[in-house]
Amino acid sequence: MAFRIVKKDITKVKADAIVNTASSEPTYTEGTDRAIYEAAGVDYLLAERARIGRLNVGQAAPTPAFALPARYVIHTVGPVWTDGTNGELEDLRRCYENSLEVAAELNCSSVAVPLIATEAYGFPKPEALKIAVSEIAEFLKEHDMKITLVVLDSEDFVLSGNVFSEVGDYVNKRMLENKGHEDASAEKAGKPAESPVPAEVKSWADTILWWIREKGYTDVEVYKRANVEKQLFDKIKNKEEYQPKKTTVVAFAMALRLNPDESRDLLKKAGFKLSLSNKFDLIIDYFLDHGIYDTYDVNLTLFDHKQPLLGE
């Protein structure tokens, strides 16, 4: 997948570049900053950081990664949180934007990014998470790169906003209603809508390609919206032996903006269905029914509920 969120120690993540939430001056503080210096080799990394000199808030600059499982460390200075009215959100966006642009200039194919400024600088974690995902989504519209957003194992998030709270209420209500009915299906009552897909289009892969042509989309915009890499899409397009995961099929349903019946038709062709007793399925059912197709918002919700992400 092009983008994923993991709970892990960032110094253990293999990537071409690791982004460090750094101090303005050539030194290191606590948290992720200290962990990266110690894993890389303090003396080596400090010497290279000193060559850069002072960095202003939002700036980003690279050094070698030394003993880390990466080629580069990209140092960026996050904003100190006061109350959110002093440009902190814009500054944090620039941290991600500039760090990812540096990674692109270095021809990195993968980068690991922490939640910048959430530790010593006090930026609220739920807001930082949404900004990080938003900026990564914008970057991936124009670039092919594997980006891993890394949060600490101990970090928990309570995402705010109408959609997130409504999904939680919806899932809890439906799980309670269907408790003990593991086979309950999310098929809607009444006569199913007739599929517009021609009968001769039988496989899920052919159905995806048919929908791309029918809707006038390009391959690139669809696989990017689906959060899958070009290599995987090429496998699907060329009809190689590939059995998709449910998360991949759902990701394409979202990317193609399929309605609930069309999405269930695509899932059925891949051998899947949505269940009213499964939390992942209920979350997807909510988004489909409400016509919300932003894969990144869906993935934030899935992450918040500790579910697999779309594109995996």
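**Packing and local geometry in the predicted model**

Helix 1, spanning residues 31-40, contains five residues that are listed as buried: Thr-32, Asp-33, Ile-36, Tyr-37 and Ala-40. Viewed down the axis of helix 1, these buried residues fall within an arc of 135 degrees, so they line one face of the helix. The structure described here is a predicted model. The cover over the buried residues of helix 1 includes two helical or strand elements named helix 2 (42-52) and strand 2 (17-22), together with strand 4 (72-77) and strand 5 (110-114). Helix 1 is followed by Gly-41, which has a positive phi near 115 degrees.

Leu-68 is in contact with part of this helix. The residue lies in the loop between strand 3 (60-64) and strand 4 and is buried, with a relative accessible area of 5%. Apart from residues up to four places away in sequence, Leu-68 touches Ile-36, Ala-39 and Ala-40, as well as Thr-11, Ile-18 and Val-73. Between Leu-68 and Asp-281, which are 213 residues apart along the chain, the C-alpha separation is 38 Å.

The largest nonpolar core of the model comprises 83 residues, and within this core the most contacts are made by Ile-147, Leu-149 and Ile-284. Helix 4 (residues 125-140) gives the most to the core, contributing nine residues. A second core of 15 residues is separate and includes Ala-40, Leu-45, Ala-70 and Val-73. Ala-40 is thus both a buried residue of helix 1 and a member of the second core. For Ile-284, with neighbours within four places in sequence left aside, the contacts are Val-250, Met-254, Leu-274, Val-298, Leu-302 and Leu-310.

Aromatic residues were examined next. A search of the whole structure finds ten aromatic pairs. One of the pairs is formed by Phe-3 and Tyr-296, whose rings are tilted, with 5.7 Å from centre to centre and 40 degrees between the planes. This pair links distant parts of the chain, since Phe-3 belongs to strand 1 (residues 3-7) and Tyr-296 to helix 12 (residues 295-304), the two being 293 residues apart. Both Phe-3 and Tyr-296 are buried. Elsewhere, one aromatic cluster is formed by Trp-204, Tyr-223, Phe-233 and Phe-252. A charged side chain is also placed against a ring: Arg-225 lies over the face of Tyr-217, at 4.5 Å from the ring centre.

With respect to cysteines, the structure holds zero disulfides. The sulfur of Cys-95 has its closest cysteine sulfur in Cys-108, at 18 Å, which is too far for a bond. Cys-108 is likewise in no disulfide, the sulfur of Cys-95 being the nearest to its own. Cys-95 is buried, with a relative accessible area of 0%, and Cys-108 also counts as buried, at 5% relative accessibility.

Backbone geometry was considered in the loops. Most residues other than glycine have a negative phi. Asn-107, although not a glycine, has a positive phi of about 60 degrees. Its position is in the loop between helix 3 (88-105) and strand 5, and at 65% relative accessibility Asn-107 counts as exposed. Asn-227 likewise has a positive phi, near 65 degrees, in a residue other than glycine. Asn-227 is found in the loop between helix 7 (219-225) and helix 8. In contrast to the exposed Asn-107, Asn-227 is buried, with a relative accessible area of 0%.

A further loop position is that of Lys-239, between helix 8 (230-237) and helix 9 (246-255). Lys-239 is exposed, with a relative accessible area of 53%. The C-alpha atoms of Lys-239 and Ser-203 are 9.7 Å apart in space, while the two residues are 36 residues apart in sequence.

Notes:
Residues are numbered from 1 along each chain as its sequence is written. This is a predicted model: local features need pLDDT of at least 70, side-chain atom pairs count only at pLDDT 80 or more; totals for chains, interfaces and linings use all residues. Side-chain values use heavy atoms; hydrogens and water are left out. Helices (H or I, at least four residues) and strands (E, at least two) are DSSP runs, numbered from the N terminus. Buried means under 20% relative accessible area, exposed over 50%, partly exposed in between (1.4 Å probe, protein chains only). A nonpolar core is a set of buried Ala, Val, Leu, Ile, Met, Phe, Trp, Tyr and Cys residues joined through side-chain atoms within 4.5 Å. Contact means heavy atoms within 4.5 Å. Rings of Phe, Tyr and Trp (its six-membered ring) pair if their centres lie within 6.5 Å; planes under 30 degrees apart count as stacked, over 60 as edge-to-face and the rest as tilted. A charge sits over a ring if NZ of Lys or CZ of Arg is within 6 Å of the ring centre and within 35 degrees of the ring normal. The arc is that of the directions from the helix axis to the C-beta atoms. A disulfide is a pair of cysteine sulfur atoms within 2.5 Å.
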